Every structure is written in structure tokens, then in C-alpha cells.
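Here is a short report for the bench. Look at the sequence and the fold first, then read on.

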Amino acid sequence: MKRYLCSIIIGMAVILSIGTYYVKVASSASSLPKYTFKTLEGSDKELDPVIINASLQNGSNFYEPLTIESNTTTYESEKSYLENLTGRQGHEIERLVKEHRSFMRGKGSISSIYEDDDFLAYARVNSEYTKSGNMEAKFDIGLLEKKDEEETSFQIELPNQGRIMNADVRDVQLVHSKLQVLTMNDVNSNNEKQTKEVHLYTIDVANKKVLSDKTLVSETFTDPEQVDFQMPIDLAPSQPNNMVFISLIKGVNHEDGFEEKLKESKLLSYNYETEKLETVKKELLSLDMARSGYADGKNLYAVEMKSGKYRIKTFDLSSQTLTNDTELDIAANKKEQEFAAIKNGRVYFLLGNEVDQDVLTNKPAKLLIADIKTGKTLYKGETIINKKTSKSFELIIDDLEIK
């Protein structure tokens, strides 16, 4: 009887603790401001697919992540224990988890995922260092046939892993029934020199083996020289893409900062179908615009400030030509951080996080939704606080998603 009594007491204590926790959480969240968008022009129905991930801050004393979705603010502390346990996930990952829960278990990086009408594929580099200091690296490979929900999963060693210090998967494609995995690798040069490479691994899923390891780009340098690779923000990271852009950045580290060697830096394009790696002519697309651009596999969308307005330039990736140049009805401000997304023929353009002399200025975030081809404004609005508080908070925008 004492044993059962002890269990009952422990159970009641746990329930009381959980109840107390949620009462405190609810009380805390209820005291925080609620943000919504005030419509200045157009229909607020355009806000339905908009997801804004942000955080509320008060200097170094307070930090609380939040999401504005369908024009409703939800704080992290308002979510369930299980939701907070998984952490903040993008909309596409959440959708895939709901639709293919078994296959998606333990898979959280959208850049490691490929999806079409028939297949869902996954590739990730799983690595660890041994006691001898060498790295052991394997691919975690998964393939789901949607029609019959048949799953294939296996591990396979990375080729030449003894020379690899780090491998980061940046894109996964399924081409002619073979998995194409694009990675950016740090290579061990065994001396003062450093080497960075872009690799393309071709994997035969049916026979569970790596067919080829192609080095697309390899750059060796010695400090203070520096080399880096960057890719535009991918608007459709899990969808089939024929082409990717890679920025090769070369420069030198000085005491007062990094100085880029613009003549040696360049923009590269790789076509999965033709297997061609080409240098994009700088007169077609500047390096700065490409690095800050947004790609969807068919087009690259670059943001430009001109004559006091923002412009969205559309470049066709296959022909490398400018196909559209749209002016947005929103004033340009170099101090404001910009976020853009293009979906369903619309451009979603968000301005926030204004920085003046390294100090954040707490101004409303501004959102514009326009037709990508004509530039016609479909919606314009700015954030307002529905419930004010006595404390001074700053709304810091992290990213913009569209459902």
C-alpha cells in the first residue's frame, strides 16, 4: 500500500508541476504584445499563406521566438511541449512530416531532401572523428516510393573520406533514376594550405553504391587569403531543379576586415542534365545580385535598388537572359533588411530590422505582395501592436515563408 501511495504522490506532483508550468507560460505569453498587419492597400486575404518567423527582444534581458501566420501571432511559449521539443521547423518540413511521418523521422534539413510526384529522397553526411583524429564519414540515404509507401534506407561510405574534414550537403536531385548529391567540402591539405571543394556524388540507390565522385570546383589558398562558396537562397529547395548557381568568392583578410578580389571571384552555373559547369558573364548578372538573389531552379530573382524603388529582376537560368524587370511600389531603404519570396506568380517582399549605426531601430515591418510580372500591388501593409505593454520590445524578423 505504501508503494502505491508513493506512486500516487509522485504522479500528483508531476501533474501539479506541469499544470504550474503551463499556467506560468500562459500568464507570461498573455503579457506580451500581439502583432498583426494593418492593411494599407489591397485585400488582407493575400496574407493567408504568409508565415513570418521572428523574435521579440528587450536588450539582453528578454528573448522570445514567435511566428506570425495568417496574420496571427503565436509565441513559442504558447506552443505545446511536443511542438517545442521538435524546435522551429520550416513549413515544407512540417508538411512532409505530416504526409510521410515514418520516412521523415529524424530528417530536418530541407536542403537534404528531394521530392517529385513519385519519389521522396534524402541524403545527409553523417561524420565523426576517431581517436586518431581522422574523420569517418558516411552518407545516410533514404528513398520513398509514394505509390506503395515502400522505403529504402542505407548507409554508404564517402569516397576519399580520409582527406575530407567536413562535407555539407547543399542540394539533392534525382536524375535518370540516380541520386545526385551536391556538397561543399573542407579538405585536409596536411600543411599550411587550405582547400575547399564543391563535389557532386552520383549514387545508385538500387545497388546501394556511389557510382562517381566528381569535383566541380577546387580552390587551395594560404592564410590570409580566403576562399568561400555561396549559393542563392533556394525558394524551392526540395523540388526538381536542373540547374544551380555557385558563387566563388576570393579575397584577403586584413586587420580592418575582408577585402574581396572581385576580378578573381566569379559566378558558376551547373546543369544536372548536360553535366556542364559554366562561368556566368558578369555583364549578365552581377556577383552581388546573384549572392543576394532567390532561385527556384528555373529562374533567379535578384533585388535591385534603383531611383528610390526596389526592383525584382528575373533571370532565366537555362538561357541566362533577363526575362523580366519589375518595379515594386515600396520605397527603398538601404538600412532595412529585406526578405523576399516568389510563389504562385506573386512576389512577397518584407522590410524590417532597420539598423542605424549598428543600433536597431524599432519601426514597423512593411509587407508588399505584388504580381511578379506586372508589379501590380495586391497587398500592402505594416505591423501594428494590437495589445501594448509597459515594456519596450523590438520585433526582429528572421525569415519569410509562403505556404
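The report goes from the whole chain to one strand and then to its ring contacts.

## The chain as a whole

This is a predicted model. The chain holds five helices and 29 strands. It has 403 residues, and 42% of them are buried.

Sequence separation comes next. Take the contacts between residues at least 6 apart in sequence: 50% of them join residues at least 24 apart. The accessible surface of the chain is about 22,200 Å². Carbon and sulfur atoms account for 48% of that surface.

## Strand β7 and its partners

How much of strand β7 is covered? Strand β7 spans residues 135-145, and eight of its 11 residues are buried.

Strand β7 pairs with strand β6 and with strand β8. Strand β6, residues 119-129, runs antiparallel to β7 over 11 bridges. Within this pairing, L120 stands opposite L144 of β7. Strand β8, residues 150-157, is also antiparallel to β7, and eight bridges join the two. Here K138 has E157 in β8 as its bridge partner.

What links β7 to β8? The two strands form a hairpin, with four residues between them. E149 sits in that turn and has a positive phi of about 60°.

## Aromatic pairs

The count of aromatic pairs is four. One of them joins F139 and Y201. Their ring centres are 5.1 Å apart, and the planes meet at 75°, an edge-to-face arrangement. F139 belongs to strand β7 and Y201 to strand β11 (residues 193-204), so this pair ties together parts that are 62 residues apart in sequence. Both F139 and Y201 are buried.

Y310 and F349 make a further pair. Their ring centres lie 4.8 Å apart with the planes at 55°, so this pair is tilted. The cut-off matters here: only planes over 60 degrees apart count as edge-to-face. Y310 is in strand β21 (residues 309-316) and F349 is in strand β24 (residues 346-352), so the pair ties together parts 39 residues apart in sequence. Y310 is buried, and F349 is buried too.

## A lysine over two rings

Which rings does K107 lie over? One is the ring of F103: the charged end of K107 sits 4.6 Å from its centre. Another is Y122, where K107 lies over the face at 5.2 Å from the ring centre.

Note on methods. Residues numbered from 1 in each chain as written. Predicted model: local features only at pLDDT ≥ 70, side-chain atom pairs only at ≥ 80, totals over all residues. Heavy atoms only, no water. Buried < 20%, exposed > 50% of the residue type's maximum accessible area, 1.4 Å probe, protein only. Contact = heavy atoms within 4.5 Å. Areas by Shrake-Rupley, 256 points an atom, 1.4 Å probe, with all protein chains shown as cover. Pairing = 2+ DSSP bridges. Phe/Tyr/Trp six-rings, centres within 6.5 Å; stacked < 30°, edge-to-face > 60°. Lys NZ or Arg CZ within 6 Å of the ring centre and 35° of its normal.
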